[in-house]
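Colleague: Hi! Could you walk me through this structure? I'm new to this, so plain words please.
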Amino acid sequence: MNRTLKAWLAVFFVLVIVFCANTFMQRTLRKIKADVTERQIYTLSEGTKNIIDKLNQPITLKLYYAEKAAMKGPDRIRFFNIYYDFVKSLLEEYESVSDGMIDLEVIDPRPYSEAETEAIEHGLKKFPITEEENFFFGLVVQTQFGVEKSIPFFSPDRQDFVEYDISYLIDTAITREKKKIGVISSLPVTGQDVSDYMARMMRMQGQQPEPSWTFINQLKEGNYEVENVGTDVNKVEDVDILMVIHPKDLPENTLFAIDQFAVTGGRTIICTDPHAFVDQPDREQQMSGQMPSQSSNLNELLAKWGVEMEEDKFAGDKSLAIDTNIGPSQRPAALIGYLGLKDECFNKDHPISSSLNDVRMLFPGSLKFSDKEGVNVEPLLSTTNRGNTWSVDNQFELMRPNPERLMQKFTPGDEPVDMACIITGELETNFPDGIDVEVETEEDGQDSPEAESQNSEDQDGKEEKTKTKHLNPSEQTSKECAVVVFSDVDFISDMVAYRDAFFGSKMEVADNASVLLNAIEHISGSSDLLSIRSRGTHKRPFTVVEQIEQKAEERTAEQEEKIKAEISGFEKELQEIIQNSKGDSEEVIGSSIMEKKKELELKIRKAKARLQDVKRERREEIEALGNKLRNINMLLAPGVILVIAVILWLMRATKRRNFVSNRRD
């Protein structure tokens with residue numbers, strides 16, 4: 001046998017051995033995996049494993065993905081192939097740890113096939129690619145009892161929450177009863193309550209009924225029922241969780257109802273605000289110049305429970321202020337009222353806030369705590385240690401905020417300002433003697449034993465009867481009350497918490513929705529889902545770069561303030577000259593007043609030019625830092641390889657010399 005034939009046979013047998021080894025490894029060692037990602041994204045969390053362990057019936061997971069259709073689509077569709085591989089790997093992990101309780105089916109719905117018909121029947125979203133091909137990417141969970149739950153479409157903006165969404169789907173599929181959330185709000189949080197007829201009439205007039213907030217829709221799509229309780233009620237009943245959002249000008253009977261719900265152990269979430277931007281006055285109110293208050297608080301209830309929001313004061317922190325573009329022709333500037341909370345702002349010892357990464361709040365208020373017997377108040381969200389409170393002179397300053405002027409009103413402090421907390425323990429009622437309310441009576445004149453007085457009025461010939469009814473506080477109070485308080489309403493509104501995403505959907509911004517969902521799931525007892533959601537968004541800031549940029553800004557901040565003060569003084573002096581100049585315009589021209597005016601205008605231009613130079617120098621310093629870091633990153637790896645090569649060359653040269661020397665000896 002010649003050498004050439006031997007070589008080809010060797011290559012053939014090597015390929016056979018590799019193929020057999022690969023097949024053996026895939027089949028026998030499939031369960032042996034190593035997740036080397038930093039966030040362990042391919043490893044199921046303990047919360048998911050707990051939910052899977054609770055399965056008392058087999059379930060089927062059907063993953064629909066139009067893989068062949070995606071190859072024919074545009075680039076943004078082909079991108080989903082990578083996303084699909086991630087979701088598929090995660091679902092395979094669900095199947096592998098379920099001990100046979102989960103069966104995974106991966107389906108490619110081809111045109112005119114039964115699989116495509118089933119995908120449409122399950123409510124999965126389809127997106128036409130060609131005349132025949134449709135793109136599907138969704139999940140269906142089926143139980144033995146006929147329960148079906150689905151994720152209509154795996155949107156890219158939910159990639160950080162894929163595990164949560166899948167586990168949530170499984171949990172809701174095996175949980176038969178939905179929890180009910182009641183909403184009390186002076187805002188149309190649950191949408192405009194109109195009949196179908198009125199909705200059609202509004203559309204005919206070119207108007208649209210006010211839709212519910214995206215967060216409310218998100219709750220409805222999950223394992224919750226949401227209903228509007230109203231702002232004029234005597235009692236809150238038949239709800240598991242009560243959400244009080246922007247409680248502005250609530251009547252006494254509604255305050256009594258909230259109080260009684262909370263002190264008897266009803267889980268409550270309260271969102272107040274010193275200035276809710278989402279509560280915009282209508283055009284007539286703006287034109288009249290009489291701006292209604294946009295603030296809300298429940299200090300009349302919360303103060304007795306150890307929490308109080310300071311009147312007309314906002315929480316601020318320069319290091320958290322987000323650059324905001326107020327106008328189309330203005331450059332982004334740090335707005336002291338728009339805060340981006342980061343890692344050190346979250347209470348790491350509480351499950352609601354322990355794993356949050358980024359929460360954005362718009363002009364939040366400041367919460368003050370006081371000791372109350374039997375009550376525990378624990379902060380959840382706060383500023384850094386350099387936070388402080390600040391205020392405005394009037395409400396009109398907030399209609400179109402000026403970032404520079406508002407920043408001048410803020411002075412850094414030396415302790416954090418709290419913006420959210422949870423109250424637990426035995427709460428004391430604010431109405432120990434109860435309240436009296438006016439109620440309507442029926443025409444037959446039957447009186448209740450609780451009636452104290454009765455009035456009769458004759459309006460338009462028809463008699464109406466009312467009576468005063470006394471409402472006593474409940475005698476059955478709870479020692480395990482739970483009330484979560486936020487000093488901001490805007491943070492969960494569509495304008496702050498969400499933005500438009502793919503195919504008309506809404507994308508979560510930061511962890512705003514997560515913190516409120518965490519609160520709901522925590523006080524309702526869903527600790528497993530809470531631990532999964534906390535793995536959501538992950539932020540990896542360039543800490544060193546941010547620190548250097550902040551130091552550069554601090555170095556130039558003093559110069560900027562001096563120049564701005566000069567400009568302000570020049571402008572004020574110029575305004576005084578213009579106001580004091582009297583007489584005919586001919587007398588003004590060529591006079592000393594005109595010369596002084598030109599002189600001040602020249603000083604203002606020079607001062608503004610100096611200010612631009614300072615800002616340009618700061619920007620050049622930051623860009624130089626970026627270039628330096630980029631060069632280091634580019635040269636570091638080749639430099640290390642070169643050093644290793646030189647060391648190896650020196651080692652080999654030394655060995656060669658030693659070997660030659662020994663041979664000579």
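**Cores and strands**

Modeller: Happy to! This is a predicted model. Its largest nonpolar core has 86 residues, and F137 and F215 have the most contacts inside that core.

Colleague: Which helix gives the largest share of this core?

Modeller: That is helix α5, residues 80-96, which supplies eight residues.

Colleague: And which domains does the core draw at least three residues from?

Modeller: Domain 2 (40-173) is one of them, and domain 3 (179-279 + 293-310 + 363-383 + 417-430 + 473-534) is another.

Colleague: Back to F215: what does F215 touch?

Modeller: Leaving out residues up to four places away in sequence, F215 touches M243, I492, Y498, A513, L516, L517 and I520. Apart from the largest core lies another core, of 35 residues. L242, I270, L427 and I435 are among its members.

Colleague: Why would nonpolar side chains be buried together?

Modeller: In soluble globular proteins, that is simply what nonpolar side chains tend to do.

Colleague: New topic, strands! Is β7 mostly covered or mostly uncovered?

Modeller: Mostly covered: β7 spans residues 179-185, and five of its seven residues are buried.

Colleague: Which strands are joined to β7 by bridges?

Modeller: Strand β8 (residues 224-228) runs parallel to β7, with five bridges joining the two. Strand β9 (residues 241-245) is also parallel to β7, and five bridges join that pair.

Colleague: Where does G182 fit in?

Modeller: On the β8 side, G182 stands opposite E227. In β9, its bridge partner is L242, and L242 is one of the residues in that 35-residue core.

Terms used: Residues numbered from 1 in each chain as written. Predicted model: local features only at pLDDT ≥ 70, side-chain atom pairs only at ≥ 80, totals over all residues. Heavy atoms only, no water. Buried < 20%, exposed > 50% of the residue type's maximum accessible area, 1.4 Å probe, protein only. Helix = DSSP H or I, 4+ residues; strand = E, 2+ residues; numbered from the N terminus. Pairing = 2+ DSSP bridges. Core = buried A, V, L, I, M, F, W, Y, C linked by side-chain atoms within 4.5 Å. Domains from an automatic or database assignment. Contact = heavy atoms within 4.5 Å.
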